[in-house]
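Please open the structure in your viewer and keep the selection tool at hand. This tour moves from one selection to the next, and at each stop it says what is there.

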Amino acid sequence: MDATAADTHHESPEEFKKHLGKYYAVFVALLGLTAITVGVSYLKLNRPLAITVALIIASVKAGLVAGVFMHLISEKKVIYAVLLLTALFFLLVLLLPSFTTLEPHHSLPGT
Amino acid sequence: METAIPYTVKPHPVTGIPNGKFGIWLFLASEVMLFGALFSSYVLIRTAAPHWPYDGGLSSETLNVPLGTFNTAVLITSSITMVLAWASCKMGDISKFRLWMAATIGLSLVFLVVKYFEYADKFHHEHFPSHDNFYGIYFVLTGLHGVHIVGGVIVNTFLLTVGTRLWKTDPEHFTNRVENAGLYWHFVDLVWIFLFPSLYLL
């Protein structure tokens, strides 16, 4: 069995208490990052930079929620496989509309 | 029992995890595709728009940033209370579980009430989803997210009330149910973490 540092399946209640600290830490970090996101928005950065910074901060928050709250950081390989597949298809869905705006190779007569 | 669902506590020999956890992750994968498709639509519609919002000004002037920030903090807090509800089960404390789960549900309802006021204000100024694409996108994205919150409230309320019966007969199975509900709930929080800056700030 893949026993990892955060494998809580066979821990006693006293042993489990050790994990609470990291949950509280992530909670505080999430609130802090939210404040930073809003604060940065007041800087009125140029569009590309504003989007980049906002998405980076959001991704860090998402990483904390997924990694710690959703226990992804110590999950089994099968879940990583499911999520990798999802990420690939999500990327495809995100990029799909851009294919509709590409120039055609051959124009139809009269167009 | 012949008809009992297997591997609700014992890990499945192929996946290495209980069936419920595998199932909820598969469901979340489908949810990523759902919200992903809407996000990509938002990007496409917005980049093609002459102004955004169409009426002029900025998103942060059209949507209420303080309320949105407050709601973000509410959902983040509901995520930690959800984790603590599960943690209470792991530590064998069912009354603490009830406390944290009730807090999670309470915070969810606060989120919905705030959204109600936001929507009511928009409707009062006759800004319906049909007004323009800005409002169309705003209402569909936050509306779908809100529906997901309602779904989570229903499941969490079940676990808080009727569902707790399972704790007496099979506490580990109940704990796994709470964990799976938690995974769904954190995903709903995750979506908002991206929705809030995308709609309100950018």
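Begin by selecting H2 of chain A together with helix H3 of chain B, residues 65–90, whose axes come within 10 Å of each other and cross at roughly 170°. An angle over 145 degrees counts as roughly antiparallel, and therefore H2(A) and H3(B) are described as roughly antiparallel to each other. Keep in mind, as you look, that this is a predicted model, for which the scores are ipTM 0.92 and pTM 0.91.

Next, show the side chains where these two helices meet. On the H2(A) side, select Leu20(A), Tyr23(A), Phe27(A), Leu30(A), Leu31(A), Thr34(A) and Val38(A), which meet residues of H3(B) that include Val65(B), Thr69(B), Ile76(B) and Ala87(B). If you colour the residues of this helix-to-helix contact by class, you will find twelve nonpolar residues and three polar ones, with no charged residue among them.

Now centre the view on Val38(A), which lies in helix H2, residues 20–41 of chain A. Is Val38(A) partly exposed or buried? A residue needs 20 or more C-beta neighbours within 10 Å to count as buried, and Val38(A), with 19 such neighbours inside 10 Å, therefore counts as partly exposed. Which residues does Val38(A) touch, once its neighbours within four places in sequence are left aside? Select Val65(B), Thr69(B) and Leu201(B), since these are the residues with which Val38(A) is in contact. For another view along chain A, draw a distance from Val38(A) to Leu85(A), which is 47 residues away in sequence and 32 Å away in space, taken from C-alpha to C-alpha.

Then step back and select the whole of chain A, which has four helices and zero strands and reads along its sequence as α-α-α-α. Of the 111 residues in chain A, 16% are buried.

Finally, select both sides of the contact between the chains, to which chain A gives 36 residues and chain B gives 35 residues. On the chain A side, helix H1 (13–16), H2, helix H3 (47–69) and helix H4 (77–95) each supply at least two of the residues that touch chain B. Coloured by class, that side of chain A shows 27 nonpolar, five polar and four charged residues. When you turn to the partner, colour chain B by pLDDT: its mean is 95, and 99% of its residues reach 70 or more.

How values were computed: Residues numbered from 1 in each chain as written. Chains lettered and ligands numbered in written order. Predicted model: local features only at pLDDT ≥ 70, side-chain atom pairs only at ≥ 80, totals over all residues. Buried ≥ 20, exposed ≤ 12 C-beta atoms within 10 Å, placed from the backbone. Contact = placed C-beta atoms within 7 Å. pLDDT = per-residue confidence, 0-100. Nonpolar A, V, L, I, M, F, W, Y, C, P; charged D, E, K, R; others polar. Axes fitted to C-alpha atoms, helices over the stretch in contact; angles between N-to-C directions. Parallel < 35°, antiparallel > 145°, perpendicular 65-115°, else oblique.
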